[in-house]
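Colleague: I should like to understand how the terms used for a structure rest on their definitions. May I put some questions to you?

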2 protein chains.
Amino acid sequence: MALPPLDAFRFVLVRTSHSGNIGSAARAIRTMGFERLTLVAPHRFPDPEATALAAGADDVLGNAVIADDLVAGLAGTTFALGLSARRRGVNIPELDPREGAAQAIAAVRRGEQVALVFGNERTGLENDELSRCHAMVRIPSVDDFSSLNLSQAVQVVAYEIRMALLGDEAKPVETEAVDPDEVPADAEQVERFFTHLGETLDDIEFHKGRSPVTIMLKLRKLFLRARPELRELRILHGILADAQRMAEIAKKRD
Amino acid sequence: MALPPLDAFRFVLVRTSHSGNIGSAARAIRTMGFERLTLVAPHRFPDPEATALAAGADDVLGNAVIADDLVAGLAGTTFALGLSARRRGVNIPELDPREGAAQAIAAVRRGEQVALVFGNERTGLENDELSRCHAMVRIPSVDDFSSLNLSQAVQVVAYEIRMALLGDEAKPVETEAVDPDEVPADAEQVERFFTHLGETLDDIEFHKGRSPVTIMLKLRKLFLRARPELRELRILHGILADAQRMAEIAKKRD
């Protein structure tokens, strides 16, 4: 399935106090492939602090739309999700970020424009702002320390949307070229290794009265779990051969 | 299913340059219910900037463990996931954060201690650090702007683990007795084995002009994949000791 237009997703920051958070949010959405940022009544913007923390996501900052209030900020959108740290009196559906991402993508696939709305750092979204959203998204933080930094919340939501988009993309059949050297060795190759290992243990006088059978079963279990590749078996054969060579010299000189 | 012990998850920040990121990371993990932070060779800590950005997650900062290097930072853990923004030369499994969270939780449910490892802001994890991890986690950022802020990456990983834990909570209860000898060996025990293996390869004159580093990385990958138990490591140590003994006799008689 092809990616839907990424510019149909708009991140809306409402009454942000710290310019640094605007920069960090710009960087966060840019890493996940998004570019549209709307700033509703930002405390201070543009600001060098925002630019510094955008860490190169200058296009996002430069193209940011400034709006006086949320109604203006939502202009053109048809579906809005409002982030909230707390359960609230506003009676709209509450989603976790994964459910929110799924609904946002479904809307964009229907041709809609979607807004992800984040409130002020300290006070969050006002009830009248939340009531302009179609659903509330709550990141499932712990009760006794529930407040994520603003840009962290933006990152989580952007990440969830990207994960869902990539998941959609992967749905059709996918073929992948495999390097024959990188697949696990076949049963015969592995058996040859175990035979060589057993011979080497005899040569270096490892058993000393213990049961070779039990030890070999344990080593077999260990190496089968690793599922060695052919080139790894070659290294192991080389090590065994050198240990055997040392044992042979040692015994010749005995 | 009950939540597994949350203190079995350890967030390890390696060579962090900016103290603010340590504070933001502490806040990020605290919002998701985690408390254990290990700082490997932090540039500056404690630092007022860290405290400011922790925004009240003072317990996490106050209890942070400082380690000199990653081997020390991983002490006691048996499963480590290393974050990386790029696909890398180190050939270990690459997971997305959701897959990584699932594997981390499975390990903790088996009684293991798990480390989530994050590199320096600019340079990430070094290859030798990544090679101490059992798998690499890559947050699926876009190719042309791939670098998340450090604390954002921490937030995403902590969030994914929490989401998976909350999802598990609904599942039926499952209890399983664990034989302490049957859990994977911890990071220090595995490092001791690799040291012994390296010495033995030297003693039996395995390298013959080839790079010991490359060979050791390949062997490391093979054995980390097998996740050896302590009793299996004991057998391997015994084999190495006998090979060394043969090499010693061989050389004495030369």
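Colleague: How many residue pairs are in polar contact between chain B and chain A?

Modeller: There are 26 such pairs, both residues at pLDDT 80 or more; a polar contact is a pair of N or O atoms within 3.5 Å, where within protein one must be able to donate a hydrogen and the other to accept it, and residues adjacent in sequence count only if both atoms are side-chain atoms. This is a predicted model, in which local features need pLDDT of at least 70, side-chain atom pairs count only at pLDDT 80 or more, and totals for chains, interfaces and linings use all residues. Residues are numbered from 1 along each chain as its sequence is written, chains are lettered from A and ligands numbered from 1 in the order in which they are written, and side-chain values use heavy atoms, without hydrogens and water.

Colleague: What makes Arg225(A) and Glu232(B) a salt bridge?

Modeller: The definition asks for a side-chain nitrogen of Lys or Arg within 4 Å of a carboxyl oxygen of Asp or Glu. The closest N and O atoms of Arg225(A) and Glu232(B) are 2.8 Å apart, so the pair satisfies that definition. Between chain B and chain A the count is 11 salt bridges.

Colleague: Why do β3 and β5 of chain B stand at the edges?

Modeller: Two strands pair if DSSP finds at least two bridges between them; strands are DSSP runs (E, at least two residues), numbered from the N terminus. The open sheet has the order β3-β2-β1-β6-β4-β7-β5 in chain B, with parallel pairing. β3(B) and β5(B) each have a single partner strand, so one side of each is left without a neighbour in the sheet.

Colleague: How do you know that β4(B) and β7(B) pair?

Modeller: Three bridges join them, and the definition requires at least two, so they pair.

Note on methods:
Helices (H or I, at least four residues) and strands (E, at least two) are DSSP runs, numbered from the N terminus.
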